[in-house]
Amino acid sequence: MSDAVVPHRAEDHRAPAGWFRRALDSDIFYSFRRSRLTMVAAAITLLFFLLAISASWLAVQNPFDPAQLQLMNSRIAPLWTADGQSPFLLGTDEQGRDVLSAILYGLRISLAVGIAGVVFAGALGIALGLVAGYFGGVIDTVIMRIADVQLTFPAILIALLVNGVAKSLLGNRLDEMSTLGVLVIAIGLSFWVQYARTVRGSVMVEKNKDYVAAAQLIGLPAPKIMFRHVLPNTMGPILVIATINLALAIITEATLSFLGAGMPDTMPSLGTLIRIGNNYLFAGEWWIVAFPGIALAGLILSINLLGDWLRDALNPKLR
Amino acid sequence: MTKPVLSVRNLEVEFVTRRATLRAINGVSFDIAKGEVLGVVGESGAGKSVTGLAVIGLIDPPGRISSGEIELSGTRIDHLPPEEIRRVRGKRIGMIFQDPLTSLNPLYRIGDQIVETIRTHSNLSESAARRRAIDLLAEVGIPAPEKRIDGYPHEFSGGMRQRVVIALAICAEPELIIADEPTTALDVSVQAQIIALIKRLGRDHGTAVMLVTHDMGVIAETCDRVAVMYSGRIAEIGPVQEVVRNPLHPYAKGLMGAIPTLAGEDKRLVQIPGAMPRLSAIPPGCPFNPRCAFVFDRCRVERPEPIRQGDQSVACHLFEPAKETAA
Amino acid sequence: MLAFTLRRFLQAIGVMLAVGVIAFAMFRFAGDPVNQIVSIDTSAAQRAEIRHSLGLDDPVLVQFGRYFINALQFKFGVSYQFRLPVSSLLAERMPATLELAIVATIFAMVAGILMGVYSALRRDTVLARLFQAISLIGISLPTFLIGILLIYLFAVTLGWLPSFGRGEVVKLGWWSTGLLTVSGWKAIIMPAITLGLFQMTLIMRLVRAEMLEVLRTDYIRFARARGLTTRAIHFGHALKNTLVPVITVAGLQFGSVIAFSIITETVFQWPGMGLLFVQAVQNVDIPIMAAYLLMVSLIFVTINLVVDILYTVVDPRLRSTVGRAA
């Protein structure tokens with residue numbers, strides 16, 4: 001029957017140029033151009049990425065390098081206020097750190113942790129989903145039960161626990177870079193479930209199709225063929241999950257850092273900057289917390305808007 | 001002759017969409033007298049249900065009644081203010097929908113739903129309304145109504161639920177019942193009972209009934225008169241005997257030919273070639289012209305108006321000369 | 001019905017066992033319980049002796065059994081930082097967290113349902129659009145930013161509300177409540193709003209979506225055809241059907257509210273379990289972390305159980321199908 005026909009058109013994978021051209025006049029791109037809010041959100045997201053990438057050229061100082069910080073420059077108000085001083089456009093914090101530079105570098109950390117966390121969560125979730133869906137039985141039950149249980153717990157709690165355990169195991173060996181790694185793992189372990197469920201569902205559907213049996217009959221490696229079909233089929237939903245999860249991952253990292261369980265003061269992310277700045281709010285030094293806060297809020301809001309739009313645009317394919 | 005219970009004149013219903021304004025009902029006129037059962041037949045999308053909804057004032061935006069008149073016992077009820085048409089609904093017009101499984105709110109006991117309806121339309125006390133509800137359930141043939149009244153909808157079978165729906169439709173003694181495909185969702189074995197019930201209630205209470213269906217068998221068995229709809233218009237309307245035995249409109253002919261009869265088993269069933277046009281692509285002239293075996297030039301340009309043929313009325317150019325000779 | 005409840009109950013116990021294994025693994029392998037007792041200059045021999053006396057050289061399964069039995073009696077060991085039993089620390093902090101979570105949930109439900117119903121019934125009004133915008137912000141802004149913003153507005157700039165703490169507390173037996181004093185109420189306003197905002201957004205979106213869905217159903221159309229008043233249709237039929245899934249979600253969210261109070265309590269220095277937990281993570285106080293995990297899981301699992309059972313009470317369909325299946 002029609003199920004026996006191998007569903008994917010080969011040119012989808014072979015000709016990236018044709019794929020790109022088709023993407024340009026696809027419904028998705030059309031709906032993208034239709035929504036002005038989405039275009040603004042995309043522009044802001046892109047701007048944040050560019051700022052993060054070019055942080056070292058744009059910043060007036062390297063906020064991670066203690067040698068470049070001078071205490072005499074501490075707590076300077078933003079440039080446009082009466083007490084402002086050049087070159088500190090958004091003022092400085094108590095260590096004489098330029099707030100704008102700290103935001104640019106912090107943005108870089110936040111994005112790096114967020115993206116790495118999402119990639120790790122995605123890889124873990126897709127792998128577990130494939131395994132659960134393909135093998136079924138006990139393996140499937142165990143993986144999906146863990147997923148069920150984990151889904152009832154908020155990600156932030158899991159991330160905090162992973163963080164605490166890692167701290168306890170590593171103790172003093174935990175420097176800035178390994179903290180970064182711990183954060184990525186904590187976020188990855190908190191967000192894998194959705195990917196696993198999506199991929200598993202898709203594998204289950206595909207597994208029962210005739211072409212898999214047909215492939216096995218003629219001696220083709222069935223898993224390989226299946227996954228080649230499963231993965232493209234789930235690309236849309238996975239992209240939506242990843243986009244929405246990127247915002248969540250960034251929030252989670254910021255929250256961990258705000259709670260003092262994330263990036264240290266010596267290598268601050270946006271969340272760390274907000275924690276530091278929060279201490280000076282009562283002293284009237286609002287800029288130390290306000291600008292990192294605005295940056296974080298803007299970043300998350302625009303990624304969320306993109307994710308919402310992507311979900312709606314892909315919706316007919318989702319269900 | 002007394003005034004008909006329902007009188008619809010030149011009804012038009014439009015749906016305004018982003019691309020175009022679609023006319024779902026286009027110049028429909030008919031009457032239903034007291035105690036009379038009018039069957040409305042046609043394919044899906046012919047405008048049968050929309051006609052029923054228009055009468056009871058439930059056409060929701062983007063749809064609207066764009067012209068025409070609807071009179072209930074002599075008073076206009078189209079374009080009444082929302083609060084006034086609400087008082088007509090349920091009290092003077094009862095409605096029965098297709099699917100009894102989804103017509104009742106699953107979270108309320110059926111008794112509560114009946115009592116609520118009765119008390120909306122009268123000032124009976126709670127206990128009086130409840131007694132009336134039990135009587136109604138008995139009247140529509142629900143066994144042990146004093147017990148079943150406290151049941152939830154899911155505890156009833158499909159046929160029993162449709163009986164509850166009918167009880168709800170008649171609980172304020174309406175002048176008119178609109179039954180929109182009341183048996184389509186039911187088992188064949190139950191269909192006849194429900195139809196018989198509607199017919200009996202109409203006769204006992206002198207209620208006019210508008211029975212929307214696509215089941216010609218039901219029409220032949222139940223109705224006094226029948227209207228055949230096609231593409232938002234009435235192709236033919238007349239006493240059920242005449243229309244079934246001697247259909248005039250080519251479409252009605254095809255439709256009647258499509259009824260399997262026990263007597264004529266050796267006869268092949270007539271098929272109407274093609275499908276009814278979508279609302280967005282109704283051809284000019286007579287909407288049936290692309291499928292009509294008797295089509296001629298005039299059908300493609302001029303819209304046929306209803307023409308009287310004895311007790312029947314037919315919208316077809318084939319009968320034009322007859323009108324001229326009569327004039 | 002009984003079999004359903006029983007099955008649910010067994011599942012809940014299974015989950016608790018799994019969480020117990022994790023908590024035990026943390027307690028035993030991530031933190032060294034000997035450190036709870038000894039100081040830096042304790043010799044290796046003394047350490048080994050303590051290790052033996054604590055039974056830490058017993059087989060792991062025996063140790064797990066012991067931990068489990070202790071946990072059943074709410075004995076979670078001794079905090080590294082405070083040198084006090086974890087259970088008494090948690091018990092002392094629990095009322096603050098529960099009060100905050102309950103007030104936040106009530107706020108979230110009342111505001112969320114009102115806004116959701118309004119934006120479903122008056123879909124294209126300015127206010128409905130405003131609610132939609134608020135909901136987007138509520139979902140997008142991290143909790144701690146909202147808290148900081150509120151503090152800046154109402155504590156720093158206007159000086160109306162306190163920026164930290166519970167205000168004046170009254171003791172009712174072992175329970176300490178801030179809900180009997182004016183200062184307690186003043187202190188809970190901002191934390192409750194901060195904590196409840198996300199849930200409010202969630203409930204509002206859910207109510208709106210569910211209500212729009214319900215308004216399209218056949219029984220609503222039939223209710224209109226019966227001539228019921230708009231009020232009876234919207235607030236009797238539609239709202240009741242909308243609230244069934246909403247109650248479930250709100251109930252299930254209560255556990256999350258307690259877990260999310262970690263953040264709110266940190267922002268407002270609210271002396272609850274969440275703040276204790278964050279300090280434990282910062283100071284690598286494993287016994288508190290493990291105990292907190294167990295406590296929160298217990299609350300979660302209990303709520304899930306209760307909501308599942310309540311659900312069958314609210315929805316008559318489930319009641320009988322579940323009963324029949326049993």
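What share of the contacts in chain C with a separation of 6 or more is accounted for by residues 24 or more positions apart? In this predicted model, the share comes to 71%. Chain A can be described in a similar way: of its contacts between residues at least 6 apart in sequence, 70% join residues at least 24 apart.

The secondary structure of these two chains makes a good starting point. Chain A is built from 14 helices and 0 strands, so that, by the run-based assignment used here, every element from the N terminus on reads as α. Chain C has 12 helices and 2 strands. Read from the N terminus, six α elements of chain C come before the β-β pair, and six α elements follow that pair. Along the principal axes, the C-alpha atoms of chain C fill a box of roughly 85 × 60 × 35 Å. As for burial, buried residues amount to 44% of the 319 residues in chain A, and 44% is also the figure for the 326 residues of chain C.

Burial leads on to the nonpolar core. The largest such core holds 259 residues, and within it Val228(B) and Met289(C) have the most contacts. The element that gives the most to this core is helix H6 of chain A, residues 99-135, which supplies 18 residues. Met289(C) deserves a second look. Once its neighbours within four places in sequence are set aside, its contacts in chain A are Leu161(A) and Gly164(A), while those in chain C are Met26(C), Phe277(C), Ala280(C) and Val281(C).

The interface between chains C and A can be viewed as a whole. Here 31 residues of chain C are in contact with 33 residues of chain A. On the chain C side, at least two residues each come from helices H1 (2-30), H5 (126-140), H6 (143-157), H9 (230-267), H10 (273-282) and H11 (286-314). By class, the residues on this side of chain C are 25 nonpolar and 6 polar, with no charged residue.

The contact between chains B and C comes next, with 24 residues taken from chain B and 20 residues from chain C. On the side of chain B that touches chain C, two or more residues are given by each of helix H2 (82-88), helix H3 (100-103) and helix H4 (110-121) of chain B. H4(B) provides the largest share of that side, 4 residues. The class make-up of this side of chain B is 9 nonpolar, 8 polar and 7 charged residues.

Within chain C, the packing of H9(C) and H10(C) can be followed residue by residue. Their axes come within 7 Å and cross at roughly 85°, which means that H9(C) is roughly perpendicular to H10(C). From H9(C), the residues involved are Ser261(C), Ile262(C), Glu265(C) and Thr266(C); they meet Gly274(C), Leu275(C), Phe277(C) and Val278(C) of H10(C). This helix contact comprises 4 nonpolar, 3 polar and 1 charged residues. Phe277(C), a participant in this helix contact, is also listed among the contacts of Met289(C).

Elsewhere in chain C, Leu298(C) has its place in helix H11. Leu298(C) is partly exposed, because 16 other C-beta atoms lie within 10 Å. Leu298(C) and Thr177(C) are separated by 121 residues in sequence and, from C-alpha to C-alpha, by 22 Å in space.

Two backbone positions in chain B also invite attention. Ser73(B) is a residue other than glycine with a positive phi, near 45°. Ser73(B) sits in the loop that runs between strand S4 (63-72) and strand S5 (75-76) of chain B, and it counts as partly exposed because it has 16 C-beta neighbours inside 10 Å. The second position, His79(B), likewise has a positive phi in a residue other than glycine, with a value near 55°. His79(B) belongs to the loop between S5 and H2 of chain B. Is His79(B) buried or exposed? His79(B) is exposed, because 11 other C-beta atoms lie within 10 Å.

Finally, a word on confidence. The average pLDDT of chain B is 83, and 93% of the residues score at least 70. Over residues 322-327 of chain B, pLDDT stays under 50, and the model has 2 contacts beyond four places in sequence for this stretch.

Note on methods. Residues numbered from 1 in each chain as written. Chains lettered and ligands numbered in written order. Predicted model: local features only at pLDDT ≥ 70, side-chain atom pairs only at ≥ 80, totals over all residues. Core = buried A, V, L, I, M, F, W, Y, C linked by C-beta atoms within 7 Å. Buried ≥ 20, exposed ≤ 12 C-beta atoms within 10 Å, placed from the backbone. Contact = placed C-beta atoms within 7 Å. Nonpolar A, V, L, I, M, F, W, Y, C, P; charged D, E, K, R; others polar. Axes fitted to C-alpha atoms, helices over the stretch in contact; angles between N-to-C directions. Parallel < 35°, antiparallel > 145°, perpendicular 65-115°, else oblique. pLDDT = per-residue confidence, 0-100.
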